[in-house]
Amino acid sequence: MTSQPIFSLSQTQRHLVIPLNRIVFPATSIPISVSETNVIEAAESAFESKSKILLVFSAHVGDDVDVSDQRETQSEISPPVGTLCSILRMTHRDDDSLELLIQGHTRATASAYQRCGGVVTALAMADSSGD
């Protein structure tokens, strides 16, 4: 029996971007909390559809940075490399935040960051060089 890959390494797809103040490595599982309503809704959608999300390190987490233009979104919020991840578990908390258990899969190169309805997305291609 052959197993199907989790995702195609050669395809570029649009993914929800969640900036964090820490780095997530492939093959690791970590819990994260999100509290922004738009990000919660996008994370719920990604969880239900089993879509991958892109976690990126950002020194600006929690800052009120205007990401309305492409250059500012790319340079201020998100670096070009992140980790494509699955949401393994999702728990709604009493404070209206969402606790996610994330599994890192592979590094990915991101481009074409875009704000859509208060959520940042990016085109991302999985790194085929191995981890």
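Modeller: Helices and strands here are DSSP runs, a helix having at least four residues and a strand at least two. The model is predicted.

Colleague: How many helices and strands does the protein have, and in what pattern do they follow along the sequence?
Modeller: By that definition the protein has two helices and six strands. Read along the sequence, their pattern is β-β-α-β-α-β-β-β.

Colleague: Which strand joins both β3 and β5?
Modeller: Strand β3 covers residues 53–57, and three bridges join β3 to β4, residues 81–92, in an antiparallel arrangement. A further pairing, also antiparallel, has eleven bridges and involves β5, residues 98–116. The strand common to both pairings is β4.

Colleague: Which residues stand opposite Thr-83 of β4 on the β3 and β5 sides?
Modeller: In the pairing with β3, Thr-83 has Leu-55 opposite. In the pairing with β5, the residue opposite Thr-83 is Arg-107.

Colleague: Which residue in the hairpin of β4 and β5 takes a positive phi?
Modeller: The hairpin has five residues between its strands. One of the residues in this hairpin has phi near 70 degrees, and that residue is Asp-96.

Colleague: What is the N to O distance in the salt bridge of Arg-93 and Glu-99?
Modeller: The whole structure has two salt bridges. A salt bridge needs a side-chain nitrogen of Lys or Arg within 4 Å of a carboxyl oxygen of Asp or Glu. Arg-93 is partly exposed, at a relative accessible area of 44%. Its side chain meets that of Glu-99 with an N to O distance of 3.2 Å.

Colleague: How many residues apart are the partners Asp-127 and Arg-107?
Modeller: The side chains of Asp-127 and Arg-107 form a salt bridge at 3.1 Å, N to O. This pair links distant parts of the chain, with Asp-127 in the segment after β6 (119–126) and Arg-107 in β5; the separation is 20 residues.

Colleague: Why do Asp-127 and Arg-107 count as partly exposed?
Modeller: Buried means under 20% relative accessible area and exposed means over 50%, with partly exposed in between. Asp-127 has 23% and therefore counts as partly exposed. Arg-107 is in the class for its 32%, namely partly exposed.

Colleague: Which residues form a nonpolar patch on the surface with Phe-57?
Modeller: Phe-57 lies in β3 and is partly exposed, with a relative accessible area of 40%. The patch has about 330 Å² of accessible area together, and the partners of Phe-57 are Ile-23 and Phe-25.

Colleague: What share of the 131 residues is buried?
Modeller: The accessible surface of the protein is about 7700 Å², with 50% belonging to carbon and sulfur atoms. Buried residues account for 37%.

Terms used: Residues numbered from 1 in each chain as written. Predicted model: local features only at pLDDT ≥ 70, side-chain atom pairs only at ≥ 80, totals over all residues. Heavy atoms only, no water. Patch = residues over 30% accessible without salt bridge, like charges linked within 9 Å, V, L, I, M, F, W, Y side chains within 5 Å. Areas by Shrake-Rupley, 256 points an atom, 1.4 Å probe, with all protein chains shown as cover. Buried < 20%, exposed > 50% of the residue type's maximum accessible area, 1.4 Å probe, protein only. Pairing = 2+ DSSP bridges.
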